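Reader: Please take a close look at the largest pocket of this model, and tell me what lines it.

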Amino acid sequence: MTTVQTSVYEPLTEPKAVSLAVRLGLFRDGAPLACREIGDGNLNLVFHIVDQETKQGVIIKQALPYAKVVGESWPLTLKRAVIESNALRTFASYVPQYVPKVYYSDESLAITVMEDLSRLQIARKGLIEGKTYPLLSQHIGEFVAKTAFYTSDFGMNQQEKKKLAQSFVNPELCKITEDLVFTDPFFDHETNNFEDELRPDVEALWRDDRLHLEAAKLKRKFLTEADVLLHGDLHTGSIFVSADETKVIDPEFAFYGPIGFDLGQFFANLLLNALSRSELERQPLFDHIDRTWDVFASVFSNLWRTESVETYAATPGLLEDVLRHAFIDAVGFAGCEVIRRTIGLAHVADLDGIEHKDERLVAKRHALRLGRRLIIERRVFTGTEDFRRLFAETEQ
Ligand SMILES: Nc1ncnc2c1ncn2[C@@H]1O[C@H](COP(=O)(O)OP(=O)(O)O)[C@@H](O)[C@H]1O
Ligand SMILES: CSC[C@H]1O[C@H](OP(=O)(O)O)[C@H](O)[C@@H]1O
């Protein structure tokens with residue numbers, strides 16, 4: 001991986017980002033450059049630098065030595081920038097059409113210089129505006145199927161896979177997910193954040209032994225199953241989209257984990273958007289869940305049958321077993337994500353943006369019932385149509 005180490009770390013400012021872009025020769029000599037810090041995520045700085053004449057831009061993303069959303073009291077490794085640029089390059093070797101081009105990265109400065117995707121829109125924003133994006137699920141299904149297959153023990157040399165997995169050991173970022181997705185929301189923890197009116201509903205979750213057992217099994221999978229290279233945070237805020245193009249960004253949580261995790265996060269964020277919509281406007285979200293799974297299963301199965309490097313791949317029943325477990329796990333992981341985005345530290349604009357408080361509380365209570373049953377009843381799911389059924393059953 002071509003990540004260079006040149007300078008001493010310091011957080012960039014807009015003028016310093018411009019100087020860096022000039023020093024790196026990213027623009028023609030004398031180009032009139034404008035720069036804005038546009039980061040709206042929880043962790044990093046993102047500088048958008050544009051040549052005002054040609055309108056061509058680049059993105060310089062820089063990790064801070066702490067989690068931006070909390071501040072310096074939450075130190076966080078700068079190594080996540082290397083993980084992010086290496087993950088983008090690894091994904092690009094399988095699905096270049098679905099990730100931004102990485103032009104340059106520097107480990108000491110914790111920066112990734114990449115393609116400017118401003119022509120597209122962040123999927124979460126567009127979905128909140130009611131857009132539907134007909135190709136989103138086909139593209140994400142293919143992205144997940146190809147990256148999962150080609151980084152698995154069935155799609156690559158098994159010794160090389162172990163080395164690749166080593167290079168993506170990502171303990172600090174995984175710990176964030178272990179805590180914020182799988183643990184804190186299920187207990188009375190200081191990171192949780194919810195409206196006072198939800199307290200009785202939340203306390204019921206904290207007392208729910210059955211839920212705890214199933215959440216614990218899912219967390220154990222996340223901790224122990226080094227199956228495929230995951231994006232690790234595949235929510236709709238990590239996807240740029242238009243009517244015909246899809247690009248996945250922000251894989252700083254990448255690591256080797258259970259195959260169903262990315263699918264589960266994506267399903268959950270579609271469900272969170274559905275929770276913010278009226279009944280008549282929800283169908284496109286469920287259609288996206290159907291299509292994501294169908295495309296994933298079909299592309300993954302085709303690769304398994306035609307390109308597998310593992311002798312046992314042809315064993316009748318094995319592929320079906322892998323797909324079945326990926327699906328069940330995805331349902332459970334989706335449940336954890338729905339719950340944590342409702343009462344945990346990091347919320348989503350889909351729910352928090354519901355202006356009328358009573359409506360917001362109705363949607364959030366629905367989210368908690370839905371998340372709980374996704375976790376507990378994941379094994380009785382026979383297909384993606386069960387998301388519709390459970391969504392309707394948990395409405396009241
Ligand atoms: N390649 C890109 N092109 C254009 N805008 C980008 C690009 N990458 C990130 N952004 C902008 O910066 C925001 C935060 O980026 P993200 O990678 O999600 O940061 P964080 O890691 O802090 O969550 C995105 O929501 C998007 O608006
Ligand atoms: C303290 S990190 C909280 C939350 O933020 C990350 O998302 P993003 O980088 O896209 O803002 C991730 O989902 C973490 O769980």
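Author: What follows describes the largest pocket and then turns to the second largest. The model is predicted, so local features need pLDDT of at least 70 and side-chain atom pairs count only at pLDDT 80 or more, while totals for linings use all residues. Residues are numbered from 1 along each chain as its sequence is written.

The largest pocket (on a 1 Å grid over the protein atoms alone, an open set of points where a 1.4 Å probe fits, with protein on both sides within 12 Å along at least five of seven lines) has a volume, the space filled by probe spheres set on the points, of about 1,200 Å³. Its lining, meaning residues with an atom within 4 Å of a point, numbers 48 residues, and those closest to the centre are Asp40, Gly41, Gly237, Ile249 and Asp250. Among the elements that give two or more residues to this lining are strand E2 (44-51), strand E3 (57-63), helix H6 (171-180) and helix H11 (318-343), where helices (H or I, at least four residues) and strands (E, at least two) are DSSP runs. At least three lining residues come from each of domain 1 (12-113) and domain 2 (119-392), with bounds taken from an automatic or database domain assignment. By class, the lining has 22 nonpolar, 13 polar and 13 charged residues, with Gly counted as polar.

The second largest pocket has a volume of about 380 Å³. Its lining has 21 residues, of which Leu275, Ser276, Arg277, Ser278 and Ile354 are the closest to its centre. Helix H13 (357-376) is one of the elements supplying at least two residues there, and H13 gives the largest share, 5 residues.

Methods: Chains are lettered from A and ligands numbered from 1 in the order in which they are written. Side-chain values use heavy atoms; hydrogens and water are left out.
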